[in-house]
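Q: I am new to this structure and would like a close look at a single part, the central sheet and what surrounds it. Could you take me through that part in one connected account?

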Amino acid sequence: MAFDTIQMVDLQGQHHRFQEEIDAALQGVINSTAFINGPAVKDFATNLSRYLDIPHLIPCGNGTDALQIALMALGLQPGDEVIVPAFNYIAATEAAALLRLTPVAVDVDPYTFNIDPAKIEKAISPKTKAIIAVHLFGQACPMDTILQMARSNGLYVIEDNAQSIGATYTFPDGTVKKTGTMGDIGTFSFFPSKPLACYGDGGALATTNKELAQKIRMIASHGQQVKYYHKVVGCNSRLDSLQAAVLNVKLNHMDEFAAARVKVAHGYNNGFTGHKGIITPQQIPESTHIYHQYTIQVGENIRTALQHALKAKSIPSMVYYPVPLSGQEAFRNIIRIPEELPVTEKLCKTVLSLPIHTEMDTLQVEYIIRQVLESYSSLSSKFSTEK
C-alpha cells in the first residue's frame, strides 16, 4: 500500500465509486436543459425533506447564504444581538455582521468544541434575539438545554448544520431528531468537502413552520412569490440543477458515508487511547457523531512541529480554527464579547485535524496512528531536552 496519496478528503476516490450514477444524473439535466429550478432541484428538496423528516426544505446557493436568509426571515433588525460560538468558522458571524446585527461570541466546551449553554445564559441581554447553534465537526450541540433556554427567554434558534447532516439527537423523553430540524430554522452547506457534498456550492434551509418557509422561499428569490412582484428586499440564492443531481445520488448513500467515517474515527480513538499528550474528541451521549472532522488536541508547543513531521511522512493535517472570532480583524468593532474565552483561545493553539473521509482504509488509519505516536514521542523528547 502506498501512503503518498493520503488526503484530508478524497473527493476523487468517492467520485470514481459513484461515477456511473452521477454521470447519468448530470447528463439527464444537460439533456433537459432545465438548469435553474429544474426537476432535479425539486426532487432533491423532496428527498432531503423526507430524509430529515421535516416538512419544509428550501434549497439555496450555499451555506453562508442560508444563514443570512435565516436571519432575514426571522425579521431581526440592526443592533439586535445574535449569540454565536467563538470557536467556529466565520460564516455565522459574517452573516450577522452583513445585516448589521451584533454577533455575541461565547465560549465552547473544551472536549466537544460545541457552544457551552452555560456561557449562552450569561451572554443573554435585552438585545438578544437569537442563538446560532453550530453543530461542529459532526455532532449536535446540547439542544435540549439550548431550546429550553431559548423558550424561557423568547429567543429564536438557528441550527448551523453545515458539518453534521445525518447526526441525530435524543431528547430526555426519547424523541430522536436529526440535526438541523430542532430549532426554528436549520441551515445546510453542500460544499464539496461536507458530509453531503455537491460538485460546487450549494445549501439549504429547513423548518417546521409553514409561514416561515414561505418567507424563506420568497427572500431567496429576490423577495418575490410571483415573478416580477417583489414583496420584500431579498437576494438571489439558488441551488442549480446540476448540483441537485449530484446531491440526489449522494443522498442515497448518506448513512453509508457516515458509517465509513465513524469506522475511521473509532480506529483513531483506539489507537490514541491512553496517550497522555493526545486528547481525542469527545461525544455527548445524546448525540450521534458523523465525524466530519477528527480533531485531536496536542500541546501548543508541539503542534506546528508535529504537523511538519506528519507532512514529511505524506500525512496532511489541518488546523480548524487557528484564530478565535474575537481575534478576527473584520469583526474588531462589530462583535461583543461578554467574558473571556479561555477555552476557545486554548483550542486555537492546540487543535489538529487528521485525515478522515469515506474512502479511507484500515491500513491508512493504522499508518497515520503509528506516525502520529512516533512523531509525538520524538518531538516530546526533543522539547523536553531543549528545556
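A: In this predicted model, helix α6, which spans residues 143–153, lies across strands β4 (128–134) and β5, and runs at about 150° to β5. Both of those strands belong to an open sheet of seven strands with mixed pairing, whose order is β1-β9-β8-β5-β4-β2-β3. The edges of this sheet are formed by β1 (56–60) and β3 (102–106), each of which pairs on one side only. Direction ignored, neighbouring strands of the sheet are turned by 25° against each other on average.

Within that order, strand β8, made of residues 185–189, deserves a slower look. On one side, β8 runs parallel to β5, and three bridges join the two strands; I158, for example, has I185 in β8 as its bridge partner. On the other side, β8 pairs with β9 (residues 203–207) in the antiparallel sense, over four bridges. In that pairing G186 has A206 of β9 as its bridge partner, while T187 stands opposite L205. Strand β8 is also mostly covered, since five of its five residues are buried. I185, T187 and S189 point one way from the strand, whereas G186 and F188 point the other way, and all of them are buried.

F188 leads on to a residue outside the strand, because F188 is among the residues touched by I165, a list that, leaving aside residues up to four places away in sequence, also includes L48, L52, T179, F190, P195, L196, M254 and I290. I165 itself lies in the loop between β5 (156–160) and β6 (168–170). With a relative accessibility of 1%, I165 counts as buried, because buried means under 20%. The C-alpha atom of I165 is separated by 26 Å from that of E81, a residue 84 places away along the chain.

Elsewhere in the model, two helices pack against each other: α1 (residues 11–32) and α8 (residues 241–251) meet at an angle of about 135°, with their axes 9 Å apart. That angle makes α1 oblique to α8, and α1 passes α8 in a right-handed crossing. From α1, the contact is made by Q14, E21, I22, A25, L26, V29 and I30, and from α8 by S241, L242, A245, V246, V249 and K250. The residues of this contact divide into nine nonpolar, two polar and two charged.

Technical notes: Residues numbered from 1 in each chain as written. Predicted model: local features only at pLDDT ≥ 70, side-chain atom pairs only at ≥ 80, totals over all residues. Heavy atoms only, no water. Buried < 20%, exposed > 50% of the residue type's maximum accessible area, 1.4 Å probe, protein only. Contact = heavy atoms within 4.5 Å. Pairing = 2+ DSSP bridges. Axes fitted to C-alpha atoms, helices over the stretch in contact; angles between N-to-C directions. Parallel < 35°, antiparallel > 145°, perpendicular 65-115°, else oblique. Left-handed = near helix turned anticlockwise from the far one by under 90°. Nonpolar A, V, L, I, M, F, W, Y, C, P; charged D, E, K, R; others polar.
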